[in-house]
Amino acid sequence: MDRRMKPLILLLLTALLCLTVEMNAMIVRMHAEHTKEDILQNIPLTEPYIYGNNGLWGIRTGSGREILAPEWYQLLAMSDDVLVAKHSEAGKYGLIHQNGETIVPFIYDSFATVSGENLWIGSIGTEDDALYHLYRGDGTLWSDTAWEEYSYEDKVLSLRNGETECSVSLADSHFSIESWHSVHHVGLHRLTMDLDAEQLKQLPASNVLTHLGDAAANYLIYLFVTPKNPPDAALLVGEDTSPLTISYLYADCVLKKASVRDIRIQESEGFPQYIIKMDVAYNRMEDGQIAERLETDMTLTVAANADGSYGYAAFYDPQTADLIPSSDDGEND
């Protein structure tokens, strides 16, 4: 090689190396700037990602293709395609798809996430008089119950709504009800439901537990409080309803206390059935005086319907089981 060419080649290689270093540095600076912006928006640097323009926010891909115009006062990413959105400073929060389609109406006064968990909480009302809805990170409602209070500590979420209280474990971003206490009124008395983690392991979300407690209380109301108003025929499951329409057996009885001891899911085709076991105490009256004090284990089977309602499928009380006429007795008369 010509000696005069070596310095020129060396110079070109040096220039190329410097240019490469500068380009790498520029890429690092651009990534750092985007990362800072994305941290402020509480999302990772992904495609697509949130970007700002004149104080408003939208979504575009890394290549610059716009997906959602920057017309939102606030955007927070819940997941890859679901966002918490707010139109204006005085507006309400709702949930939208990344294409702008509304998933949850704009009804919330605030929307926040529990740090590090797959849990978002939308609140309606002021802090002193607020109701809270719980959402998973994919935008689905965990429970349709509107909770009055919540607190979070050591991966345990404590919730209260009236006389219903429960604790929920958020380990590994999964919702698992650890304890449940609720009160369901039966005339002047009440049905209590206290379930522990073992009993709750295979049971559904909190709103279903509330419905099951209400269904059990309503049947006790039918037995002890308003026997002339039997359960709506639409709520009775099956053709033979005689084991369910038996309030006459309790016409002279007064409920003293009742509690749900256990709830189990019964294997069945189609929609699930739930077996509710209750400890019930009641008095049988004669001429206004207590003739007999009874304590019994009642079992009520409640079936879920396609429309989301619950119907009564079966009932058993060992204290009155021998008094219920069978269908054969009716045929022989």
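**Exercise 1. Find how strands S17 and S18 are joined, and describe the turn between them.**

Solution.
- Step 1: Count the bridges. S17 and strand S18 (residues 273–286) run antiparallel and are joined by twelve bridges. The model is predicted.
- Step 2: Pick one bridge. Serine 259 has aspartate 279 in S18 as its bridge partner.
- Step 3: Look at the turn. S17 and S18 make a hairpin, with six residues between them. Glycine 270, in the turn, has a positive phi of about 80 degrees.

**Exercise 2. Determine the sense in which S16 and S17 pair.**

Solution.
- Step 1: Locate the strands. S16 covers residues 189–196 and S17 covers residues 253–266.
- Step 2: Read the sense. The two pair in the parallel sense, over three bridges.
- Step 3: Check one bridge. Leucine 191 has alanine 258 in S17 as its bridge partner.

**Exercise 3. Work out the strand order of the sheet that contains S1, and name its edges.**

Solution.
- Step 1: Set the order. Three strands form an open sheet, S1-S2-S3, with antiparallel pairing.
- Step 2: Name the edges. Strand S1 (49–53) and strand S3 (66–72) each pair on one side only, and these are the edge strands.
- Step 3: Add the twist. From one strand to the next it averages 25 degrees.
- Step 4: Inspect one pair. S1 and strand S2 (residues 56–60) are antiparallel over five bridges. Asparagine 53 stands opposite leucine 56 in S2.
- Step 5: Look for a charge over a ring. Arginine 60 lies over the face of tyrosine 51, at 4.1 Å from the ring centre.

**Exercise 4. Classify the ring pair of tyrosine 108 and tyrosine 135.**

Solution.
- Step 1: Start from the total. The count is twelve aromatic pairs.
- Step 2: Apply the geometry. The ring centres of tyrosine 108 and tyrosine 135 are 6.0 Å apart and the planes are at 90 degrees, so the pair is edge-to-face.
- Step 3: Place the residues. Tyrosine 108 is in strand S7 (residues 102–108) and tyrosine 135 is in strand S10 (residues 131–136), so the pair ties together parts 27 residues apart in sequence.
- Step 4: Test burial. Tyrosine 108 has 1% relative accessibility, so it counts as buried. Tyrosine 135 is buried too, at 5%.

**Exercise 5. Classify the ring pair of tyrosine 219 and tyrosine 222, and find its cluster.**

Solution.
- Step 1: Read the geometry. The centres are 5.4 Å apart, with 55 degrees between the planes; the pair is tilted.
- Step 2: Place the residues. Tyrosine 219 and tyrosine 222 are three residues apart in helix H3 (residues 206–224), so about one helical turn separates them.
- Step 3: Test burial. Tyrosine 219 is buried at 0% relative accessible area. Tyrosine 222 is buried at 3% relative accessibility.
- Step 4: Extend the network. Ring pairs link Tyr219, Tyr222, Tyr312 and Phe315 into a cluster.

Notes:
Residues numbered from 1 in each chain as written. Predicted model: local features only at pLDDT ≥ 70, side-chain atom pairs only at ≥ 80, totals over all residues. Heavy atoms only, no water. Pairing = 2+ DSSP bridges. Helix = DSSP H or I, 4+ residues; strand = E, 2+ residues; numbered from the N terminus. Axes fitted to C-alpha atoms, helices over the stretch in contact; angles between N-to-C directions. Phe/Tyr/Trp six-rings, centres within 6.5 Å; stacked < 30°, edge-to-face > 60°. Buried < 20%, exposed > 50% of the residue type's maximum accessible area, 1.4 Å probe, protein only. Lys NZ or Arg CZ within 6 Å of the ring centre and 35° of its normal.
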